Every structure is written in structure tokens, then in C-alpha cells.
Amino acid sequence: MDNTSTYTISKFQAARQCLCPRCRTGKMFTGSLLGLKGQKMLKYCPHCGLKFEMEPGFFYVSMFVSYALNVAQFIAVCIATYVLSGHSESPWLYLIACSLTAVVLAGFNFRYSRVIQLYWLTPNLGFKEKYYGDQYKKDIKIEA
Ligand SMILES: [Zn+2]
């Protein structure tokens, strides 16, 4: 492959890796997905400088996305609990299973609710190939 190749990472791959939706190169979050220090989102993309929270309250929408993710996970966990427990009818078993799921997947839901909002629910924000990869960073260094 030569340097003029226009290969870019796919939208789904970039979303899965929590990369900036505009450049698909800079990371959106610090720390690890299951880290115990809490989840923290960067204010700006470290690569292209996109401001992630475009206006105050921008991420209220991700609250609804997070709710939808939680409901889907609860349904999956309840079905799995029902099958694995041999058709148990104890409500406490389901309550504990759902509570544990909510705690364990809190970081996942926090990240991916925002990623889904930025990638699929923000109409004006799309991938700009000129920001992708190392080329853009080189340009910044020359200007600075
Ligand atoms: Zn970026």
C-alpha cells in the first residue's frame, strides 16, 4: 500500500472504539471502559479539536439512549435468568440480576449512549476525511 491510500476506518469500527465522529482518530474518553476511577469524557477531540458537548445540555439525549440500552439489557438478563435458573419465579432473583447488570454495565452505557448520540443522532456531524489519520496532525505542527 502506498501513502496516497484513502483507507479509513469504518463508522461502526470507530464507534466501537469510541473515536471522535469527525476525524475517527482522536479518543473521546480517558481511562478504560471498566475502570474503577469513573468515566470521564474529554471536552475536545485531542486530534481535530471538535467540541463534543456542542451546546449546554447536549448530552440530555444520551440519557434516553442510555435508558433504551438499559431496558434491552434488562430484558436480555431476565430471559437469561429465567432459562438458567430453571424457570424461577422469585422476583428477588430477577431484581438482583438486573441491579448487578446496571452496576456492571454503567460505564459501557455511559460511553456508548454518547457515542450513539454523536454518530447516529446528530445530523450535522459527519466524518471529514481531511481530519483523518496522521496527515492532519502534521499540518497542525507546521502551522504552530
Ligand atoms: Zn476529532
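Two residues are in contact here if their C-beta atoms, placed from the backbone, lie within 7 Å. The model on screen is predicted.

**Stop 1: helix α4**

Select residues 106-120, which form helix α4. Buried in α4 are N109, F110, Y112, S113, R114, V115, Q117 and L118. Which elements do the buried residues of α4 pack against? They pack against α1, β2 and α2. The length of α4 is as expected, because 15 residues at 1.5 Å a residue should span 21 Å and the end C-alpha atoms are 21 Å apart.

**Stop 2: the whole chain**

Zoom out and colour by secondary structure. The chain holds five helices and two strands, and their order along the sequence is α-β-β-α-α-α-α. Of the 144 residues in the chain, 18% are buried. Taking contacts between residues at least 6 apart in sequence, 58% join residues at least 24 apart.

**Stop 3: the largest nonpolar core**

Now show side chains for C20, C23, M28, C45 and F52. In the largest nonpolar core, which has 13 residues, these five touch the most other members. Helix α4 is the element that gives the most to this core, contributing three residues.

Centre on C45. Setting aside neighbours within four places in sequence, the contacts of C45 are C20, R22, C23, G26, L50 and F52. C20, C23 and F52 in that list are also among the core residues named above.

**Stop 4: α2 against α4**

Select helix α2, residues 60-84, together with α4. How do their axes cross, and how near do they come? The two axes come within 8 Å and cross at roughly 120 degrees. Angles of 65 to 115 degrees would count as roughly perpendicular and those over 145 as roughly antiparallel, so α2 is oblique to α4. The contact is made on the α2 side by V61, S62, V65, S66, L69 and N70, and on the α4 side by N109, Y112, S113, R114, I116 and Q117. The handedness of this crossing is right-handed. Several of the α4 residues at the contact are buried, including N109, Y112 and S113.

**Stop 5: α2 against α3**

Keep α2 selected and replace α4 with helix α3, residues 91-104. The axes of α2 and α3 come within 9 Å, crossing at roughly 135 degrees, and the two helices are therefore oblique to each other. This crossing, too, is right-handed. From α2, the residues N70, Q73, F74, V77, C78 and T81 meet L93, Y94, A97, C98, T101 and A102 of α3. N70 also belongs to the α2 side of the contact with α4.

How many of the 14 residues of α3 are buried? The count is zero, and α3 is hardly covered. The span of α3 agrees with expectation, because its 14 residues should cover 20 Å at 1.5 Å a residue and the end C-alpha atoms are 20 Å apart.

**Stop 6: two positive phi angles**

Go to H87, in the loop between α2 and α3. Phi of H87 is near 60 degrees, which is positive in a residue other than glycine. Is H87 buried or exposed? H87 counts as exposed, because 7 C-beta neighbours lie inside 10 Å and the limit for that class is 12 or fewer.

Next pick C18, in the loop between α1 (11-16) and β1. Phi of C18 is also positive, near 55 degrees, again in a residue other than glycine. C18 has 16 other C-beta atoms within 10 Å, so C18 is partly exposed.

**Stop 7: G38 and its distant partner**

Select G38, in the loop between β1 (29-30) and β2 (40-41). G38 counts as exposed because it has 9 C-beta neighbours inside 10 Å. Then add G107 and draw a C-alpha to C-alpha distance. The two glycines lie 69 residues apart in sequence and 7.6 Å apart in space.

**Stop 8: Y136 in the last helix**

Finish at Y136, in helix α5 (residues 133-143). With 18 C-beta neighbours inside 10 Å, Y136 counts as partly exposed. Add H47: the C-alpha atoms of Y136 and H47 are separated by 8.2 Å, while the residues are 89 apart along the chain. Which residues does Y136 contact, leaving aside neighbours within four places in sequence? They are C23, H47, C48, K130 and Y131. C23 ties this stop back to the largest nonpolar core, where C23 is among the residues that touch the most other members.

How values were computed. Residues numbered from 1 in each chain as written. Predicted model: local features only at pLDDT ≥ 70, side-chain atom pairs only at ≥ 80, totals over all residues. Helix = DSSP H or I, 4+ residues; strand = E, 2+ residues; numbered from the N terminus. Buried ≥ 20, exposed ≤ 12 C-beta atoms within 10 Å, placed from the backbone. Expected span 1.5 Å × (residues − 1). Core = buried A, V, L, I, M, F, W, Y, C linked by C-beta atoms within 7 Å. Axes fitted to C-alpha atoms, helices over the stretch in contact; angles between N-to-C directions. Parallel < 35°, antiparallel > 145°, perpendicular 65-115°, else oblique. Left-handed = near helix turned anticlockwise from the far one by under 90°.
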